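Thanks, everyone; I would like to take a few minutes to walk through one model, moving from a single side chain to the packing of the interior and then to the rings.

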Amino acid sequence: MALHIPKAPGVPQMLKDGARMFSGLEEAVYRNINACKQFAQSVRSAYGPNGMNKMIINHIDKQFVTSDAGTIIRELDVEHPAAKLMVLASQMQDAEVGDGTNFVIVLSGALLEAAEELLRLGVTTSEIAEGYEKALDKCLEILPQLICDEIKDCRNMDAVIKGIKPSIMSKQYGNEDFIAGLVAKACVAILPENTTFNVDNVRICKILGAGLLQSEVLSGMVFKREVEGDVASASKAKVAVYSCPVDITQTETKGTVLIKTADELLNFSKGEESLLEKQIKAIADTGVKVIVAGAKFGDMALHFLNKYNIMAVRLNSKFDIRRLAKTVNATVLPKLTTPTAEELGYCDTVRVDEVGDTRVVVFSMESSESRISTVVIRGSTDNYMDDIERAINDGVNTFKGIARDGRFLAGAGATEIELAQQLLQYADTLPGLEQYAVRKFAVALEGVPKALAENSGANATEVVNNIYKAHRENNKYAGFDIESESAGICDAKEKGILDLYVLKYWGLKYAVGAATTILKVDQIIMAKRAGGPKAPKQNAGSDDES
(Lines give C-alpha, C1' and ligand atoms only; values in the text may rest on other atoms or scores of the structure.)
Protein backbone atom coordinates (compact mmCIF):
# COMPACT_ATOMS: atom_id res chain seq x y z
CA MET A 1 0.00 0.00 0.00
CA ALA A 2 1.36 3.41 -0.97
CA LEU A 3 2.37 5.62 1.90
CA HIS A 4 -0.12 8.51 2.34
CA ILE A 5 1.66 11.80 3.03
CA PRO A 6 -0.63 14.33 4.71
CA LYS A 7 -0.74 17.77 3.07
CA ALA A 8 0.24 20.92 4.89
CA PRO A 9 -2.74 22.58 6.55
CA GLY A 10 -4.27 25.74 5.03
CA VAL A 11 -4.86 26.56 1.38
CA PRO A 12 -2.60 23.82 -0.13
CA GLN A 13 -4.85 21.26 1.55
CA MET A 14 -7.82 22.50 -0.48
CA LEU A 15 -6.14 22.48 -3.85
CA LYS A 16 -5.02 19.69 -6.18
CA ASP A 17 -1.44 18.44 -6.23
CA GLY A 18 0.87 20.69 -8.23
CA ALA A 19 -0.94 23.94 -7.35
CA ARG A 20 1.31 26.78 -6.23
CA MET A 21 0.56 29.67 -3.96
CA PHE A 22 2.48 32.86 -3.13
CA SER A 23 1.27 35.34 -0.54
CA GLY A 24 2.41 38.35 1.46
CA LEU A 25 4.65 41.27 0.57
CA GLU A 26 7.85 39.34 -0.01
CA GLU A 27 6.45 36.51 -2.08
CA ALA A 28 3.66 38.17 -4.05
CA VAL A 29 4.00 41.97 -4.20
CA TYR A 30 7.78 42.30 -4.58
CA ARG A 31 7.87 39.36 -6.97
CA ASN A 32 5.23 41.01 -9.18
CA ILE A 33 6.94 44.40 -9.03
CA ASN A 34 10.27 42.83 -9.98
CA ALA A 35 8.82 41.05 -13.01
CA CYS A 36 7.13 44.25 -14.21
CA LYS A 37 10.31 46.29 -13.66
CA GLN A 38 12.32 43.87 -15.78
CA PHE A 39 9.68 43.96 -18.51
CA ALA A 40 9.46 47.77 -18.52
CA GLN A 41 13.26 48.01 -18.55
CA SER A 42 13.55 45.93 -21.71
CA VAL A 43 10.94 48.01 -23.57
CA ARG A 44 12.21 51.31 -22.20
CA SER A 45 15.42 51.22 -24.25
CA ALA A 46 13.25 51.25 -27.40
CA TYR A 47 11.54 54.53 -26.42
CA GLY A 48 11.84 57.69 -28.49
CA PRO A 49 13.45 58.52 -31.86
CA ASN A 50 16.87 57.22 -30.77
CA GLY A 51 15.42 54.05 -29.21
CA MET A 52 17.25 50.81 -29.89
CA ASN A 53 15.72 48.07 -32.04
CA LYS A 54 14.79 44.69 -30.64
CA MET A 55 15.18 41.48 -32.60
CA ILE A 56 12.33 39.14 -31.76
CA ILE A 57 11.76 35.63 -33.07
CA ASN A 58 8.24 34.54 -32.22
CA HIS A 59 6.76 31.08 -31.60
CA ILE A 60 6.52 30.28 -35.33
CA ASP A 61 10.10 31.40 -36.06
CA LYS A 62 9.14 34.68 -37.71
CA GLN A 63 11.73 37.38 -37.16
CA PHE A 64 10.93 41.01 -36.27
CA VAL A 65 13.43 43.86 -35.99
CA THR A 66 11.61 46.82 -34.50
CA SER A 67 11.50 49.48 -31.80
CA ASP A 68 7.69 49.53 -31.78
CA ALA A 69 6.51 48.49 -28.32
CA GLY A 70 3.14 47.31 -29.65
CA THR A 71 4.79 44.73 -31.92
CA ILE A 72 7.33 43.69 -29.27
CA ILE A 73 4.55 43.01 -26.76
CA ARG A 74 2.32 41.25 -29.26
CA GLU A 75 5.01 38.86 -30.43
CA LEU A 76 6.40 38.06 -26.98
CA ASP A 77 4.16 35.54 -25.32
CA VAL A 78 4.33 37.04 -21.83
CA GLU A 79 3.57 34.36 -19.23
CA HIS A 80 3.91 36.22 -15.94
CA PRO A 81 0.42 37.16 -14.67
CA ALA A 82 1.43 40.62 -13.36
CA ALA A 83 3.42 41.56 -16.47
CA LYS A 84 0.39 40.40 -18.47
CA LEU A 85 -1.67 43.16 -16.81
CA MET A 86 0.80 45.74 -18.14
CA VAL A 87 0.55 44.15 -21.58
CA LEU A 88 -3.25 44.38 -21.43
CA ALA A 89 -3.04 48.07 -20.45
CA SER A 90 -0.81 48.84 -23.41
CA GLN A 91 -3.05 46.83 -25.75
CA MET A 92 -6.00 48.90 -24.55
CA GLN A 93 -3.99 52.03 -25.37
CA ASP A 94 -3.31 50.58 -28.83
CA ALA A 95 -7.02 49.94 -29.37
CA GLU A 96 -8.07 53.37 -28.05
CA VAL A 97 -5.42 55.67 -29.57
CA GLY A 98 -3.28 53.42 -31.78
CA ASP A 99 -0.01 54.84 -30.44
CA GLY A 100 1.74 55.43 -27.10
CA THR A 101 1.97 51.75 -26.08
CA ASN A 102 5.55 52.27 -24.91
CA PHE A 103 4.55 55.30 -22.81
CA VAL A 104 2.06 53.16 -20.84
CA ILE A 105 4.64 50.46 -20.06
CA VAL A 106 7.47 52.88 -19.21
CA LEU A 107 5.20 54.85 -16.88
CA SER A 108 3.57 51.88 -15.12
CA GLY A 109 7.05 50.32 -14.67
CA ALA A 110 8.32 53.57 -13.10
CA LEU A 111 5.25 53.79 -10.84
CA LEU A 112 5.81 50.25 -9.56
CA GLU A 113 9.52 50.92 -9.01
CA ALA A 114 8.61 53.99 -6.92
CA ALA A 115 5.98 51.98 -5.04
CA GLU A 116 8.59 49.38 -4.07
CA GLU A 117 10.65 52.04 -2.26
CA LEU A 118 7.56 53.22 -0.37
CA LEU A 119 6.61 49.66 0.61
CA ARG A 120 10.08 49.12 2.06
CA LEU A 121 9.56 52.29 4.13
CA GLY A 122 6.38 50.78 5.56
CA VAL A 123 3.66 52.56 3.59
CA THR A 124 0.79 50.16 2.86
CA THR A 125 -0.26 49.22 -0.68
CA SER A 126 -3.76 50.70 -0.26
CA GLU A 127 -2.27 54.10 0.70
CA ILE A 128 0.06 54.03 -2.28
CA ALA A 129 -2.81 53.08 -4.62
CA GLU A 130 -4.97 55.87 -3.16
CA GLY A 131 -2.14 58.38 -3.56
CA TYR A 132 -1.63 57.32 -7.18
CA GLU A 133 -5.37 57.72 -7.89
CA LYS A 134 -5.31 61.25 -6.39
CA ALA A 135 -2.23 62.16 -8.41
CA LEU A 136 -3.90 60.84 -11.59
CA ASP A 137 -7.03 62.94 -10.97
CA LYS A 138 -4.83 65.99 -10.44
CA CYS A 139 -2.89 65.25 -13.66
CA LEU A 140 -6.09 64.94 -15.72
CA GLU A 141 -7.24 68.25 -14.21
CA ILE A 142 -3.96 69.99 -15.18
CA LEU A 143 -3.67 68.49 -18.70
CA PRO A 144 -6.19 70.79 -20.48
CA GLN A 145 -4.18 73.82 -19.28
CA LEU A 146 -1.07 72.52 -21.04
CA ILE A 147 -2.59 72.35 -24.54
CA CYS A 148 -0.28 74.20 -26.93
CA ASP A 149 -1.83 73.63 -30.34
CA GLU A 150 -5.11 72.58 -31.95
CA ILE A 151 -5.95 71.43 -35.47
CA LYS A 152 -9.45 72.57 -36.37
CA ASP A 153 -9.44 71.75 -40.08
CA CYS A 154 -8.46 68.14 -40.85
CA ARG A 155 -8.18 68.91 -44.56
CA ASN A 156 -5.37 71.43 -44.08
CA MET A 157 -2.37 69.42 -45.31
CA ASP A 158 0.35 71.51 -43.63
CA ALA A 159 -1.32 71.39 -40.22
CA VAL A 160 -1.95 67.63 -40.54
CA ILE A 161 1.67 66.93 -41.53
CA LYS A 162 2.85 68.96 -38.53
CA GLY A 163 0.63 66.88 -36.23
CA ILE A 164 1.53 63.48 -37.73
CA LYS A 165 5.29 64.05 -38.00
CA PRO A 166 6.26 63.53 -34.31
CA SER A 167 4.54 60.12 -34.10
CA ILE A 168 6.40 58.93 -37.22
CA MET A 169 9.66 60.49 -35.99
CA SER A 170 9.72 58.13 -33.00
CA LYS A 171 9.78 55.12 -35.38
CA GLN A 172 11.61 56.40 -38.46
CA TYR A 173 13.89 59.24 -37.38
CA GLY A 174 15.28 60.96 -40.48
CA ASN A 175 12.52 59.92 -42.92
CA GLU A 176 9.67 61.58 -41.04
CA ASP A 177 9.07 64.43 -43.55
CA PHE A 178 8.59 62.08 -46.49
CA ILE A 179 6.46 59.51 -44.63
CA ALA A 180 4.30 62.20 -42.96
CA GLY A 181 3.61 63.64 -46.43
CA LEU A 182 2.50 60.21 -47.71
CA VAL A 183 0.26 59.57 -44.70
CA ALA A 184 -1.34 63.03 -44.81
CA LYS A 185 -2.04 62.69 -48.54
CA ALA A 186 -3.56 59.21 -48.08
CA CYS A 187 -5.72 60.22 -45.10
CA VAL A 188 -6.99 63.58 -46.32
CA ALA A 189 -7.98 62.03 -49.69
CA ILE A 190 -10.45 59.65 -48.04
CA LEU A 191 -11.67 61.77 -45.13
CA PRO A 192 -15.49 61.46 -45.22
CA GLU A 193 -17.67 64.55 -44.92
CA ASN A 194 -20.03 63.38 -42.20
CA THR A 195 -18.95 60.06 -40.69
CA THR A 196 -15.83 59.33 -38.66
CA PHE A 197 -12.49 58.43 -40.24
CA ASN A 198 -11.84 54.67 -40.50
CA VAL A 199 -8.22 53.51 -40.14
CA ASP A 200 -8.85 50.40 -42.27
CA ASN A 201 -9.48 52.56 -45.32
CA VAL A 202 -5.77 53.30 -45.68
CA ARG A 203 -4.29 50.14 -47.15
CA ILE A 204 -0.58 49.34 -47.39
CA CYS A 205 1.04 47.36 -50.20
CA LYS A 206 4.71 46.43 -49.75
CA ILE A 207 6.76 45.82 -52.89
CA LEU A 208 10.40 44.79 -52.66
CA GLY A 209 13.01 46.85 -54.48
CA ALA A 210 14.06 50.50 -55.04
CA GLY A 211 14.16 52.74 -51.96
CA LEU A 212 11.76 54.35 -49.53
CA LEU A 213 11.67 57.59 -51.52
CA GLN A 214 10.05 55.75 -54.45
CA SER A 215 6.97 55.04 -52.30
CA GLU A 216 3.73 56.65 -53.46
CA VAL A 217 0.05 57.05 -52.63
CA LEU A 218 -2.70 55.85 -54.97
CA SER A 219 -6.41 56.46 -54.51
CA GLY A 220 -7.97 53.04 -54.91
CA MET A 221 -6.46 49.62 -54.27
CA VAL A 222 -3.34 47.71 -55.31
CA PHE A 223 -3.06 43.90 -55.28
CA LYS A 224 0.07 41.84 -55.77
CA ARG A 225 -1.60 39.53 -58.29
CA GLU A 226 -1.79 38.78 -62.01
CA VAL A 227 -5.01 38.99 -64.01
CA GLU A 228 -6.52 35.65 -65.00
CA GLY A 229 -7.43 36.25 -68.63
CA ASP A 230 -5.79 38.05 -71.56
CA VAL A 231 -7.36 41.50 -71.02
CA ALA A 232 -4.85 43.58 -69.03
CA SER A 233 -6.53 46.97 -68.72
CA ALA A 234 -9.93 48.63 -68.69
CA SER A 235 -10.91 52.27 -68.29
CA LYS A 236 -14.19 53.81 -67.09
CA ALA A 237 -15.12 50.25 -66.21
CA LYS A 238 -18.22 48.80 -64.63
CA VAL A 239 -17.15 46.17 -62.11
CA ALA A 240 -19.03 43.04 -61.03
CA VAL A 241 -17.85 41.38 -57.81
CA TYR A 242 -18.58 37.69 -57.07
CA SER A 243 -17.64 35.64 -54.02
CA CYS A 244 -18.19 32.36 -55.92
CA PRO A 245 -16.14 30.68 -58.70
CA VAL A 246 -16.81 31.82 -62.26
CA ASP A 247 -17.27 28.44 -63.88
CA ILE A 248 -19.86 25.94 -65.12
CA THR A 249 -22.40 25.83 -62.30
CA GLN A 250 -22.63 22.58 -60.43
CA THR A 251 -26.17 21.30 -59.87
CA GLU A 252 -27.61 21.42 -56.37
CA THR A 253 -28.62 17.74 -56.43
CA LYS A 254 -26.60 14.83 -57.74
CA GLY A 255 -28.02 13.01 -60.73
CA THR A 256 -26.93 10.41 -63.25
CA VAL A 257 -27.14 11.14 -66.97
CA LEU A 258 -27.41 8.18 -69.29
CA ILE A 259 -25.85 8.92 -72.67
CA LYS A 260 -26.36 6.35 -75.42
CA THR A 261 -24.92 7.90 -78.57
CA ALA A 262 -21.97 10.11 -79.51
CA ASP A 263 -24.37 12.85 -80.65
CA GLU A 264 -25.96 12.98 -77.22
CA LEU A 265 -22.52 13.34 -75.64
CA LEU A 266 -21.63 16.24 -77.93
CA ASN A 267 -24.96 17.95 -77.32
CA PHE A 268 -24.64 17.50 -73.57
CA SER A 269 -21.27 19.28 -73.24
CA LYS A 270 -22.42 21.84 -75.83
CA GLY A 271 -25.46 22.54 -73.66
CA GLU A 272 -23.22 23.26 -70.65
CA GLU A 273 -21.00 25.50 -72.74
CA SER A 274 -23.87 27.44 -74.27
CA LEU A 275 -25.40 27.93 -70.83
CA LEU A 276 -22.10 29.40 -69.53
CA GLU A 277 -21.74 31.56 -72.64
CA LYS A 278 -25.30 32.79 -72.16
CA GLN A 279 -24.52 33.80 -68.56
CA ILE A 280 -21.30 35.62 -69.50
CA LYS A 281 -22.95 37.31 -72.50
CA ALA A 282 -25.76 38.53 -70.23
CA ILE A 283 -23.13 39.98 -67.84
CA ALA A 284 -21.26 41.59 -70.77
CA ASP A 285 -24.51 43.11 -72.06
CA THR A 286 -24.92 45.08 -68.82
CA GLY A 287 -21.69 46.90 -69.76
CA VAL A 288 -19.37 45.06 -67.33
CA LYS A 289 -15.70 45.34 -68.27
CA VAL A 290 -14.14 43.80 -65.13
CA ILE A 291 -15.17 40.72 -63.15
CA VAL A 292 -13.62 40.16 -59.72
CA ALA A 293 -14.11 36.74 -58.13
CA GLY A 294 -13.19 35.23 -54.78
CA ALA A 295 -12.57 31.77 -56.23
CA LYS A 296 -11.23 30.18 -59.41
CA PHE A 297 -12.08 31.03 -63.00
CA GLY A 298 -12.75 27.92 -65.09
CA ASP A 299 -10.93 27.50 -68.44
CA MET A 300 -14.18 27.60 -70.36
CA ALA A 301 -15.30 30.73 -68.51
CA LEU A 302 -11.96 32.45 -69.25
CA HIS A 303 -12.35 31.61 -72.94
CA PHE A 304 -15.73 33.38 -73.04
CA LEU A 305 -14.48 36.30 -70.91
CA ASN A 306 -11.66 36.87 -73.41
CA LYS A 307 -14.17 36.56 -76.26
CA TYR A 308 -16.32 39.35 -74.78
CA ASN A 309 -13.25 41.38 -73.81
CA ILE A 310 -13.86 41.26 -70.06
CA MET A 311 -10.98 41.54 -67.59
CA ALA A 312 -10.85 38.80 -64.92
CA VAL A 313 -9.25 39.37 -61.49
CA ARG A 314 -9.13 36.77 -58.74
CA LEU A 315 -8.69 37.74 -55.07
CA ASN A 316 -8.17 35.02 -52.51
CA SER A 317 -8.91 37.00 -49.35
CA LYS A 318 -12.56 37.61 -48.52
CA PHE A 319 -11.45 40.75 -46.64
CA ASP A 320 -9.88 42.13 -49.82
CA ILE A 321 -13.08 41.41 -51.74
CA ARG A 322 -15.13 43.34 -49.17
CA ARG A 323 -12.73 46.29 -49.28
CA LEU A 324 -12.67 46.33 -53.08
CA ALA A 325 -16.48 46.21 -53.19
CA LYS A 326 -16.46 49.21 -50.86
CA THR A 327 -13.90 51.03 -53.04
CA VAL A 328 -15.78 50.57 -56.33
CA ASN A 329 -19.18 50.78 -54.63
CA ALA A 330 -20.39 47.34 -55.75
CA THR A 331 -22.42 44.60 -54.08
CA VAL A 332 -20.70 41.23 -53.60
CA LEU A 333 -22.85 38.60 -55.35
CA PRO A 334 -22.81 35.03 -53.99
CA LYS A 335 -23.91 33.39 -57.24
CA LEU A 336 -23.05 33.82 -60.92
CA THR A 337 -26.10 35.88 -61.85
CA THR A 338 -26.53 38.91 -64.06
CA PRO A 339 -25.97 41.98 -61.84
CA THR A 340 -28.49 44.82 -61.75
CA ALA A 341 -27.38 48.42 -62.23
CA GLU A 342 -27.39 48.97 -58.43
CA GLU A 343 -25.13 45.96 -57.80
CA LEU A 344 -22.45 47.08 -60.26
CA GLY A 345 -19.44 49.10 -59.14
CA TYR A 346 -17.49 51.69 -61.11
CA CYS A 347 -13.76 52.22 -61.39
CA ASP A 348 -11.94 54.83 -63.50
CA THR A 349 -9.05 52.57 -64.52
CA VAL A 350 -8.14 48.96 -63.82
CA ARG A 351 -4.72 48.05 -65.12
CA VAL A 352 -1.82 45.66 -64.71
CA ASP A 353 1.33 47.48 -63.68
CA GLU A 354 4.87 46.36 -63.07
CA VAL A 355 6.46 47.86 -59.97
CA GLY A 356 10.08 46.73 -59.72
CA ASP A 357 9.78 43.14 -60.91
CA THR A 358 6.42 42.58 -59.19
CA ARG A 359 3.25 42.50 -61.26
CA VAL A 360 0.34 44.28 -59.58
CA VAL A 361 -3.29 44.95 -60.44
CA VAL A 362 -4.25 48.57 -59.73
CA PHE A 363 -7.85 49.74 -59.25
CA SER A 364 -7.50 53.50 -59.32
CA MET A 365 -10.16 56.15 -58.81
CA GLU A 366 -9.46 59.54 -60.30
CA SER A 367 -12.39 61.23 -58.59
CA SER A 368 -11.64 63.36 -55.52
CA GLU A 369 -14.01 61.37 -53.29
CA SER A 370 -12.34 57.96 -53.09
CA ARG A 371 -13.22 55.62 -50.25
CA ILE A 372 -9.92 53.79 -49.92
CA SER A 373 -6.34 54.88 -50.61
CA THR A 374 -3.27 52.66 -50.80
CA VAL A 375 0.28 53.52 -49.80
CA VAL A 376 2.74 51.57 -51.95
CA ILE A 377 5.90 51.10 -49.89
CA ARG A 378 9.21 50.34 -51.57
CA GLY A 379 12.24 49.11 -49.68
CA SER A 380 15.25 46.84 -49.84
CA THR A 381 14.21 44.22 -47.25
CA ASP A 382 10.96 42.85 -45.87
CA ASN A 383 11.94 43.74 -42.30
CA TYR A 384 12.61 47.33 -43.28
CA MET A 385 9.26 47.63 -45.06
CA ASP A 386 7.47 46.10 -42.06
CA ASP A 387 8.98 48.82 -39.89
CA ILE A 388 7.89 51.54 -42.34
CA GLU A 389 4.41 50.00 -42.29
CA ARG A 390 4.31 50.31 -38.48
CA ALA A 391 5.38 53.96 -38.71
CA ILE A 392 2.62 54.62 -41.27
CA ASN A 393 0.06 52.85 -39.06
CA ASP A 394 1.04 55.13 -36.17
CA GLY A 395 0.69 58.15 -38.43
CA VAL A 396 -2.76 57.03 -39.65
CA ASN A 397 -3.89 56.42 -36.05
CA THR A 398 -2.65 59.90 -35.11
CA PHE A 399 -4.73 61.33 -37.96
CA LYS A 400 -7.75 59.45 -36.59
CA GLY A 401 -7.02 61.08 -33.21
CA ILE A 402 -6.79 64.51 -34.85
CA ALA A 403 -10.14 63.92 -36.62
CA ARG A 404 -11.75 63.13 -33.24
CA ASP A 405 -9.92 65.65 -31.04
CA GLY A 406 -7.36 67.96 -32.61
CA ARG A 407 -5.77 69.18 -29.36
CA PHE A 408 -2.02 68.74 -28.82
CA LEU A 409 0.35 68.86 -25.85
CA ALA A 410 4.07 69.59 -25.96
CA GLY A 411 6.22 66.49 -26.45
CA ALA A 412 9.91 65.84 -25.65
CA GLY A 413 9.13 65.26 -21.96
CA ALA A 414 7.83 68.83 -21.46
CA THR A 415 4.31 67.82 -20.41
CA GLU A 416 5.59 65.16 -17.98
CA ILE A 417 7.94 67.56 -16.18
CA GLU A 418 5.27 70.27 -15.95
CA LEU A 419 2.86 67.72 -14.45
CA ALA A 420 5.58 66.49 -12.05
CA GLN A 421 6.35 70.04 -10.91
CA GLN A 422 2.69 70.82 -10.20
CA LEU A 423 2.21 67.45 -8.46
CA LEU A 424 5.09 68.19 -6.08
CA GLN A 425 3.35 71.43 -5.07
CA TYR A 426 0.03 69.57 -4.74
CA ALA A 427 1.66 66.89 -2.50
CA ASP A 428 2.56 69.57 0.06
CA THR A 429 -1.15 70.33 0.54
CA LEU A 430 -2.08 66.71 1.39
CA PRO A 431 -2.15 65.80 5.11
CA GLY A 432 -2.02 61.96 5.03
CA LEU A 433 0.48 59.36 3.88
CA GLU A 434 -0.81 59.70 0.30
CA GLN A 435 1.48 62.71 -0.13
CA TYR A 436 4.45 60.32 -0.34
CA ALA A 437 2.75 58.39 -3.13
CA VAL A 438 1.95 61.64 -4.99
CA ARG A 439 5.61 62.68 -4.73
CA LYS A 440 6.69 59.31 -6.07
CA PHE A 441 4.19 59.71 -8.93
CA ALA A 442 6.00 62.94 -9.86
CA VAL A 443 9.35 61.07 -9.78
CA ALA A 444 7.86 58.32 -12.01
CA LEU A 445 6.78 60.95 -14.57
CA GLU A 446 10.44 62.02 -14.81
CA GLY A 447 11.08 58.52 -16.20
CA VAL A 448 9.83 59.58 -19.65
CA PRO A 449 12.36 62.40 -20.36
CA LYS A 450 15.00 60.26 -18.62
CA ALA A 451 14.36 57.40 -21.05
CA LEU A 452 14.56 59.83 -24.00
CA ALA A 453 17.86 61.21 -22.69
CA GLU A 454 19.43 57.81 -21.90
CA ASN A 455 18.56 56.45 -25.35
CA SER A 456 20.12 59.54 -26.95
CA GLY A 457 23.31 59.12 -24.90
CA ALA A 458 22.83 62.23 -22.75
CA ASN A 459 23.13 62.48 -18.97
CA ALA A 460 19.54 61.83 -17.79
CA THR A 461 19.85 63.60 -14.41
CA GLU A 462 21.33 66.71 -16.00
CA VAL A 463 18.58 66.76 -18.66
CA VAL A 464 15.78 66.51 -16.08
CA ASN A 465 17.39 69.26 -13.95
CA ASN A 466 17.71 71.55 -16.98
CA ILE A 467 14.06 71.00 -17.96
CA TYR A 468 12.91 71.65 -14.36
CA LYS A 469 14.96 74.86 -14.33
CA ALA A 470 13.30 76.07 -17.56
CA HIS A 471 9.85 75.19 -16.22
CA ARG A 472 10.47 77.16 -13.04
CA GLU A 473 11.19 80.16 -15.26
CA ASN A 474 7.66 79.69 -16.63
CA ASN A 475 8.68 78.09 -19.92
CA LYS A 476 6.17 75.24 -19.66
CA TYR A 477 6.84 73.89 -23.16
CA ALA A 478 10.57 73.25 -22.52
CA GLY A 479 11.62 69.69 -23.32
CA PHE A 480 14.71 67.63 -24.13
CA ASP A 481 16.43 68.45 -27.43
CA ILE A 482 17.58 65.12 -28.90
CA GLU A 483 19.67 66.91 -31.52
CA SER A 484 21.87 68.76 -29.03
CA GLU A 485 25.35 67.46 -28.26
CA SER A 486 24.99 67.71 -24.48
CA ALA A 487 21.94 67.88 -22.21
CA GLY A 488 20.31 70.66 -24.22
CA ILE A 489 16.70 71.74 -23.99
CA CYS A 490 14.39 73.27 -26.59
CA ASP A 491 10.91 74.73 -26.87
CA ALA A 492 8.86 71.70 -27.94
CA LYS A 493 6.05 73.89 -29.30
CA GLU A 494 8.38 75.88 -31.56
CA LYS A 495 10.19 72.75 -32.74
CA GLY A 496 6.86 71.11 -33.58
CA ILE A 497 7.33 68.16 -31.18
CA LEU A 498 3.70 67.54 -30.31
CA ASP A 499 1.79 64.72 -28.62
CA LEU A 500 -1.93 64.09 -29.00
CA TYR A 501 -3.96 65.13 -25.96
CA VAL A 502 -5.97 61.87 -26.10
CA LEU A 503 -2.73 59.85 -26.18
CA LYS A 504 -1.48 61.34 -22.91
CA TYR A 505 -4.95 61.30 -21.33
CA TRP A 506 -5.57 57.59 -21.92
CA GLY A 507 -1.90 56.68 -21.45
CA LEU A 508 -1.90 58.12 -17.91
CA LYS A 509 -5.21 56.42 -17.12
CA TYR A 510 -4.16 52.96 -18.32
CA ALA A 511 -0.67 53.14 -16.75
CA VAL A 512 -2.04 54.08 -13.33
CA GLY A 513 -4.82 51.51 -13.67
CA ALA A 514 -2.31 48.72 -14.38
CA ALA A 515 0.08 49.83 -11.58
CA THR A 516 -2.63 50.06 -8.88
CA THR A 517 -4.14 46.72 -9.91
CA ILE A 518 -0.75 45.01 -9.62
CA LEU A 519 -0.09 46.68 -6.24
CA LYS A 520 -3.39 45.50 -4.80
CA VAL A 521 -2.54 41.82 -5.45
CA ASP A 522 -1.36 40.16 -2.23
CA GLN A 523 -1.79 36.49 -3.15
CA ILE A 524 -1.06 34.51 -6.28
CA ILE A 525 -2.66 31.07 -6.47
CA MET A 526 -1.77 29.05 -9.56
CA ALA A 527 -3.68 25.85 -10.30
CA LYS A 528 -1.92 22.89 -11.85
CA ARG A 529 -1.71 23.22 -15.62
CA ALA A 530 -4.04 21.13 -17.70
CA GLY A 531 -2.27 18.70 -20.01
CA GLY A 532 -2.70 18.32 -23.74
CA PRO A 533 -1.80 20.60 -26.65
CA LYS A 534 -2.86 24.22 -26.64
CA ALA A 535 -5.40 25.45 -29.16
CA PRO A 536 -3.91 27.93 -31.63
CA LYS A 537 -4.88 31.48 -30.81
CA GLN A 538 -6.03 33.68 -33.67
CA ASN A 539 -5.61 37.43 -33.43
CA ALA A 540 -8.71 39.57 -33.66
CA GLY A 541 -9.06 41.21 -37.06
CA SER A 542 -6.57 38.82 -38.61
CA ASP A 543 -6.73 38.39 -42.38
CA ASP A 544 -5.93 34.72 -42.07
CA GLU A 545 -8.81 32.55 -43.17
CA SER A 546 -7.49 29.14 -42.19
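What you see here is a predicted model, and I will begin with N32, which lies in helix 2, residues 24-44. At 3% relative accessibility N32 counts as buried, because the cut-off for that word is under 20%, and, leaving aside neighbours within four places in sequence, N32 is in contact with H80, A82, I518, V521 and I524.

Turning to the interior, the largest nonpolar core has 73 residues, and those that touch the most other members are I128, Y132, L423, F441, L445 and L508. Helix 5, residues 101-121, contributes the largest share of this core, with 11 residues. Apart from this core lies another, of 40 residues, which includes V97, C187, I190 and A412.

Now to the rings, where a search of the whole structure finds four aromatic pairs. One of the pairs is Y132 with F441, edge-to-face, at 5.9 Å centre to centre and with 70 degrees between the planes. Y132 belongs to helix 6 and F441 to helix 14, so this pair ties together parts that are 309 residues apart in sequence. Y132 is buried, at 0% relative accessible area, and F441 is likewise buried at 0%.

W506 and Y510, by contrast, are stacked, since their ring centres are 5.7 Å apart and their planes are at 25 degrees; these two residues are four apart in helix 18, about one helical turn. W506 counts as partly exposed at 25%, whereas Y510 counts as buried at 15%. Both belong to one aromatic cluster with Y501 and Y505, and R407 lies over the face of Y501, 4.2 Å from the ring centre.

How values were computed:
Residues numbered from 1 in each chain as written. Predicted model: local features only at pLDDT ≥ 70, side-chain atom pairs only at ≥ 80, totals over all residues. Heavy atoms only, no water. Buried < 20%, exposed > 50% of the residue type's maximum accessible area, 1.4 Å probe, protein only. Contact = heavy atoms within 4.5 Å. Core = buried A, V, L, I, M, F, W, Y, C linked by side-chain atoms within 4.5 Å. Phe/Tyr/Trp six-rings, centres within 6.5 Å; stacked < 30°, edge-to-face > 60°. Lys NZ or Arg CZ within 6 Å of the ring centre and 35° of its normal.
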